[in-house]
Amino acid sequence: MPHDAHLIKKIRAAVKSRNVFISSHAAKRMRQRKISTSMVFEAMLKGTTDREPEPDMRHGAMKVELHRYSAGVHYSVVVAVIDDEIMVSVVTVY
């Protein structure tokens with residue numbers, strides 16, 4: 001069960017409305033680790049979290065780490081939820 005269900009709902013709504021930005025750092029990590037965009041979206045739609053969301057003061061956001069197992073691969077996606085917006089930024093993937 002997510003620690004902050006409200007943030008998880010915002011992330012899932014952002015994916016459904018295509019309000020997702022993948023940072024250049026995350027895109028680079030995706031290529032290095034052979035994680036596709038569809039895998040990232042799947043983690044954002046169906047992933048689980050076991051950590052409390054962390055504030056990102058520099059960007060005025062809350063970071064949420066989502067875990068997923070798909071196609072024989074365990075991976076995590078870190079997203080930043082911008083305050084009072086449905087915009088979500090993928091920060092990194094591992």
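Is E42 buried, partly exposed or exposed? In this predicted model, E42 has a relative accessible area of 23%. E42 is therefore partly exposed, since buried would require a value under 20%. The contacts of E42 lead into the salt bridges, and from there to the strands and the largest pocket.

A search of the whole structure finds 4 salt bridges. One of them joins E42 to R68, with the closest N and O atoms 2.9 Å apart. This pair links distant parts of the chain. E42 sits in helix 3 (residues 37-46), whereas R68 belongs to strand 3, and 26 residues separate them. R68 also counts as partly exposed, at 23% relative accessibility. Side chains of opposite charge can pair when their charged atoms come close.

Another salt bridge is formed by E54 and R51. Here the closest N and O atoms are 2.8 Å apart. Both partners are partly exposed: E54 has a relative accessibility of 37%, and R51 has a relative accessible area of 41%. These two residues do not stand alone. R51, E54 and E65 are linked in a network of salt bridges.

K63 and D56 form a further salt bridge, with a closest N to O separation of 3.9 Å. The cut-off for a salt bridge is 4 Å, so this pair still qualifies. The two partners fall into separate accessibility classes. D56 is buried, with a relative accessible area of 12%. K63 counts as partly exposed, at 28% relative accessibility. Both K63 and D56 also appear in the lining of the largest pocket.

The largest pocket holds about 190 Å³ of space. Its lining consists of S23, H25, D56, R58, H59, K63, A80, I82, S89, V90 and V91. Two elements each give two or more residues to this lining: strand 4 (73-82) and strand 5 (88-93). Strand 5 gives the most, with 3 residues. By class, the lining comprises 4 nonpolar, 4 polar and 3 charged residues. The salt-bridged residues K63 and D56 are among the lining residues, and their closest N and O atoms lie 3.9 Å apart.

The strands that contribute to the pocket also pair with each other. Strand 4 and strand 5 run antiparallel and are joined by 5 bridges. Within this pairing, V77 stands opposite V93 in strand 5. Strand 4 also pairs with strand 3 (residues 61-70), again in the antiparallel sense, over 10 bridges. Strand 4 thus has pairing partners in both strand 3 and strand 5. Of the 10 residues of strand 4, 7 are buried, so this strand is largely enclosed by the rest of the structure. In a regular strand the side chains alternate between the two faces of the sheet.

Strand 3 and strand 4 form a hairpin with 2 residues between them. One residue of the turn, A71, has a positive phi of about 50 degrees. Y69 stands opposite H74 in strand 4. Strand 3 also carries R68, the partner of E42. The hairpin is in this way connected to helix 3 by a salt bridge.

Positive phi values also occur in the loops. R18 has a phi near 65 degrees, and R18 is not a glycine. R18 lies in the loop between helix 1 (5-16) and strand 1 (20-22). With a relative accessible area of 62%, R18 is exposed. In sequence, R18 and V88 are 70 residues apart. In space, their C-alpha atoms are 9.4 Å apart.

K34 is another residue other than glycine with a positive phi, near 55 degrees. The loop that holds K34 runs between helix 2 (24-33) and helix 3. K34 is exposed, with a relative accessible area of 71%. The cut-off for this class is over 50%, so R18 at 62% also falls within it. Helix 3, at one end of the K34 loop, is also the helix that contains E42.

Terms used
Residues are numbered from 1 along each chain as its sequence is written. This is a predicted model: local features need pLDDT of at least 70, side-chain atom pairs count only at pLDDT 80 or more; totals for chains, interfaces and linings use all residues. Side-chain values use heavy atoms; hydrogens and water are left out. On a 1 Å grid over the protein atoms alone, a cavity is a set of points where a 1.4 Å probe fits but cannot get out, and a pocket is an open set with protein on both sides within 12 Å along at least five of seven lines; lining residues have an atom within 4 Å of a point. Grid points are joined across faces, edges and corners, and a volume is the space filled by probe spheres set on the points. Helices (H or I, at least four residues) and strands (E, at least two) are DSSP runs, numbered from the N terminus. Ala, Val, Leu, Ile, Met, Phe, Trp, Tyr, Cys and Pro count as nonpolar, Asp, Glu, Lys and Arg as charged, and the others, Gly among them, as polar. Buried means under 20% relative accessible area, exposed over 50%, partly exposed in between (1.4 Å probe, protein chains only). Two strands pair if DSSP finds at least two bridges between them. A salt bridge is a side-chain nitrogen of Lys or Arg within 4 Å of a carboxyl oxygen of Asp or Glu.
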